[in-house]
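Dear colleague,

I am passing on to you the structure that I have been looking at, and below it I have written out what was found. Please keep it open beside this message while you read.

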Amino acid sequence: MSSALLEELKFKISTFPQDPGVYLMKNAKHKVVYVGKAKSLRNLVRSYFGASTGHSVKTRFLVANIASVEYI
């Protein structure tokens, strides 16, 4: 993931509400690769793009392939 894309995602996530909801992570082909739910959308989704220390191999691979994030 390029640093420009990472910064773009972090900015977009900063606009997410802190309310409960569902988030969709999509790859570069706009295919949904992960669906999750959270009590605080902003806090949980932001945690994916912070320091990867403590993240599983599966999570690190997932985040490396994310091109966009949306919420419902």
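Let me begin with Ser2, which lies in the segment before α1, and please bear in mind throughout that this is a predicted model. Ser2 counts as partly exposed, because its relative accessibility is 42%, a value that falls between the 20% limit for buried residues and the 50% limit for exposed ones. A polar atom of the Ser2 side chain lies 3.1 Å from the backbone nitrogen of Leu5. If you want to place Ser2 against another part of the chain, Gly50 is 48 residues apart from Ser2 in sequence, and the two C-alpha atoms are 14 Å apart in space.

Next comes Asp19, which you will find in the loop between α1, residues 3-14, and β1. Asp19 has a relative accessible area of 47%, and is therefore partly exposed. Leaving out residues up to four places away in sequence, Asp19 touches Ala38, Lys39, Ser40 and Leu41. For one of these, Lys39, the separation from Asp19 is 20 residues in sequence, while from C-alpha to C-alpha the two are 6.3 Å apart in space.

The last part of the account concerns charged side chains. In general, side chains of opposite charge can pair when their charged atoms come close. How many salt bridges does a search of the whole structure find? The search finds one, and it is formed by Glu70 with Lys26, whose closest N and O atoms are 3.1 Å apart. This pair links distant parts of the chain, since Glu70 belongs to strand β3, residues 68-71, and Lys26 to strand β1, with their positions 44 residues apart in sequence.

Are the two partners of this pair buried or exposed, or does each need its own description? Lys26 has a relative accessible area of 16% and so is buried, the cut-off for that word being under 20%, whereas Glu70, at 31% relative accessibility, counts as partly exposed.

It is also worth looking at the surroundings of Lys26, which sits in strand β1, residues 21-26. When neighbours within four places in sequence are left aside, Lys26 is in contact with Lys31, Val32 and Val33, and also with Asn65, Ile66, Ala67, Ser68 and Glu70. Glu70 therefore appears in that list as well as in the salt bridge with Lys26, whose buried state was given above as 16% relative accessible area.

With best wishes

Definitions and conventions
Residues numbered from 1 in each chain as written. Predicted model: local features only at pLDDT ≥ 70, side-chain atom pairs only at ≥ 80, totals over all residues. Heavy atoms only, no water. Helix = DSSP H or I, 4+ residues; strand = E, 2+ residues; numbered from the N terminus. Buried < 20%, exposed > 50% of the residue type's maximum accessible area, 1.4 Å probe, protein only. Contact = heavy atoms within 4.5 Å. Salt bridge = Lys/Arg side-chain N within 4 Å of Asp/Glu carboxyl O. Polar contact = N/O pair within 3.5 Å; in protein donor to acceptor, adjacent residues only side chain to side chain.
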